[in-house]
Amino acid sequence: MYKWMDKHIKWVFTVPTIFILLFLVVFPLAYTFFISFFDWGMSGNTQMKFVGFDNYGHLFTEERFWNAVGRTFVFSLAGIVIEGVLGVALALYLNRDFKGRNLVKTAFLLPMVATPVAVGLVWRLIYEPSIGIANQVCMWLGLGRQPWLGSPDMALPALLAVDIWQWTPMVMLVVLAGATALPTDVLESAQVDGAGKWQLTRKITLPLLRPTILTALLLRLIDVLKTFDIIYSTTQGGPGYATETLNILSYREAFEYFKFGRASATLVVFFLTVLLIAIGFIKFKNKVEVEY
């Protein structure tokens, strides 16, 4: 028995993990793809009716779906750009020795460790029209009360601010880890040659951090595309459809309208879109690293 274990030890540890991944990842994906070809309300009185690609055809001809696609990409692109810029700036700021550095670093990391649903509920109170602190600040500034989550024009930017507040520290943490590992001899040589702080940052530090920054943005891109918790816990896709992204649309199709076939088709299209974007970004990242 012990000889067999020594000989096959690699399979003893990997096979259970493979089966768990198959059960938790592959099976749900395959089942969702299967359901997308049926009209099903998940009720004991309704039977699964095979409709082929009708659910997909309905999606691509529905304006609500394309609006959700637009909101998803606007929300994701704006989040990636702003969080990337702020995260890199904070990482460069914290990559210096100053009094209270660890305290400041901890304060920046606190939003990231909070539960997204709890964050959404707290910000819902912050944006509350009458007693929320956001409107109190606006009143102090003479701007008047704002309908943060009640306005179709302001709701999505308000949620974007929440996402930026919570997840910019993640970008900062990854970039800061890369910055602390940079070779000091290159920076010291540049300083000896008379390079200033801005020249060091622009011509040496940022180019050396390029692979790390792209890795942080890739992780954040995949995550922000599938944002659900914050949006659902604050607006549930409202007012109307103003903050309805693809994740929220699929949830509503399934658990409000009981159209599980259409919801599954939405998720399949969304999954393939995220997969293609991730693959494209990885290829771009690898190309940049090779050139670098």
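## The nonpolar cores

The largest nonpolar core (buried Ala, Val, Leu, Ile, Met, Phe, Trp, Tyr and Cys residues joined through side-chain atoms within 4.5 Å; buried means under 20% relative accessible area with a 1.4 Å probe, protein chains only) holds 56 residues, and Phe65, Tyr127 and Val175 have the most contacts inside it. Helix H8 (residues 155–180) gives the most to this core, with 13 residues; helices are DSSP runs of H or I, at least four residues, numbered from the N terminus. A second, separate core of 5 residues includes Ile35, Trp40, Phe260 and Ala263.

This is a predicted model, where local features need pLDDT of at least 70 and side-chain atom pairs count only at pLDDT 80 or more, while totals for chains, interfaces and linings use all residues. Residues are numbered from 1 along each chain as its sequence is written, and side-chain values use heavy atoms, leaving out hydrogens and water.

## H4 against H8

Now to the helix pairs. The axes of H4 (residues 63–94) and H8 come within 7 Å and cross at roughly 40°; axes are lines fitted to C-alpha atoms over the stretch in contact, with angles from 0 to 180 degrees between N-to-C directions. That makes H4 oblique to H8, oblique being what remains outside under 35 degrees (roughly parallel), over 145 (roughly antiparallel) and 65 to 115 (roughly perpendicular).

## H5 against H8

Helix H5 (residues 101–113) packs on H8 at about 135°, with the axes 6 Å apart. H5 is therefore oblique to H8 as well. In H5, residues including Phe108, Leu109 and Met112 take part in the contact (heavy atoms within 4.5 Å) with H8, whose side includes Trp165, Met172 and Leu176.

Methods:
Buried < 20%, exposed > 50% of the residue type's maximum accessible area, 1.4 Å probe, protein only. Helix = DSSP H or I, 4+ residues; strand = E, 2+ residues; numbered from the N terminus.
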